[in-house]
Amino acid sequence: MALTPAQAFDALYEFSAPALVRQTYLLTGRRELARESVERAFQVAWESWPEVARDRDPVGWVRATAYEYALSPWQRFRLRHRHPEPPPADPGDRTLLNALLRLPPPRRRTLVLYDGVGLDLPETAAETEASTPTAAHRLLRAREAVAGRLPELADPQVLHQRLAELASAERLRAAGPTVVRRGSERRARFLTRAAIAFTVALIGTTALTLRTAPTHYEPPVSPGETVRGVPPRVVPGALSDEELELRQKLRDQLQDGPERLTPRLE
């Protein structure tokens, strides 16, 4: 019988989520971040389920999304990720995890995919968005760095086994598929409402701008400049007694009418 989208999603989640959480722990060394990354990747997968369901490798689709989220540079600015987590109890696991975390993120991701997950080189190159020679170079450099700290892991088979043991030593669990699907739906509703609110605010701002904006261009007034040879205007001071008397005399006389035009004989 054909599965419903929810049943197919739940089956994919239950099949791959535990392993993806353990793999992501090898990338980050943080238990909570590994769980959160995988759950966020499955939430994105549920939002794009028609595309993921038709993909030839749905697990790889989710794994790539989880790895991108876990290795995002902005994770270091989150408050709960600034403090180191308790290291593994076994000394050998601590040393191996420290060796992994010392690798640059591209080399660490290549090593986990090839020696941890078991992908071949072309698949590893495709998932890390690199060419096959670049992926091979990253893999060799990562192996050399790990073997430099742990010489007994120079054999790739031994390294693969130790990575599996390190990932399985931690009790890492993800939430149930139903919880993840509901979280994805809540996130989709929130983003939709946020987009609607932003659109309404943008329309209101545009309407206000159109209503209050000037309808014609007003050139700015150029600042004044001193012209050579013209003395600057001096602010007049207080009037003298003679000037006050003259002003009062002018005010007392008529300012219009025929009398002003009649000459006076002294």
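Which residue lies over the face of Trp46? Select Trp46 and Arg181 together to find out: Arg181 lies over the ring face, at 5.8 Å from the ring centre, where a charge counts as sitting over a ring if NZ of Lys or CZ of Arg is within 6 Å of the ring centre and within 35 degrees of the ring normal.

Before going on, keep in mind that this is a predicted model, in which local features need pLDDT of at least 70 and side-chain atom pairs count only at pLDDT 80 or more, while totals for chains, interfaces and linings use all residues. Residues are numbered from 1 along each chain as its sequence is written, and side-chain values use heavy atoms, with hydrogens and water left out.

**The aromatic cluster**

Keep Trp46 selected and add Phe9, Tyr13, Phe42 and Trp49, since these residues form one aromatic cluster with Trp46. A search of the whole structure finds seven aromatic pairs, a pair being rings of Phe, Tyr and Trp (its six-membered ring) whose centres lie within 6.5 Å, with planes under 30 degrees apart counted as stacked, over 60 as edge-to-face and the rest as tilted. One of these is the stacked pair of Phe9 and Tyr13, 6.3 Å centre to centre with 25° between the planes. Both residues lie in helix α1 (residues 5-28), four residues apart, about one turn of the helix; helices here are DSSP runs of H or I with at least four residues, numbered from the N terminus.

Colouring by accessibility shows Phe9 as buried, at 0% relative accessibility, and Tyr13 also counts as buried, at 3%, where buried means under 20% relative accessible area, exposed over 50% and partly exposed in between, using a 1.4 Å probe and protein chains only. Turn next to Phe9 and Trp49, whose ring centres are 5.6 Å apart and whose planes stand at 80°, so the pair is edge-to-face. This pair links distant parts of the chain, with Phe9 in helix α1 and Trp49 in helix α3 (residues 49-54), 40 residues apart.

**Helices α4 and α6**

Now select residues 58-70, which make up helix α4, and residues 105-117, which make up helix α6: their axes come within 12 Å and cross at roughly 140°, the axes being lines fitted to C-alpha atoms over the stretch in contact, with angles that run from 0 to 180 degrees between N-to-C directions. The crossing of α4 with α6 is right-handed, the term for a near helix turned clockwise from the far one by less than a right angle, whereas an anticlockwise turn is left-handed.

To see what fills this contact, show Arg63, Ala64, Tyr67 and Glu68 of α4 together with Arg109, Val112, Leu113 and Val117 of α6, contact meaning heavy atoms within 4.5 Å.

Trp61 is also found in helix α4. Leaving aside neighbours within four places in sequence, Trp61 is in contact with Ala41, Val44, Ala45, Glu51, Val52 and Asp55. If you draw a distance from the C-alpha atom of Trp61 to that of Leu113, 52 residues away along the chain, you will find a separation of 13 Å.

**Three loops**

Move to Glu129, in the loop between α7 (121-127) and α8 (132-149), where phi is near 55°, a positive value in a residue other than glycine. Glu129 is exposed, with a relative accessible area of 73%.

Ala154 comes next, in the loop between α8 and α9 (156-169), and this residue is exposed as well, with a relative accessible area of 52%.

End at Leu239, in the loop between α10 (177-212) and α11 (241-252), which counts as partly exposed at 41% relative accessibility. Neighbours within four places in sequence aside, Leu239 is in contact with Leu244 and Arg247, while its C-alpha atom is separated by 86 Å from that of Arg182, 57 residues apart along the chain.

Note on methods
Helices (H or I, at least four residues) and strands (E, at least two) are DSSP runs, numbered from the N terminus.
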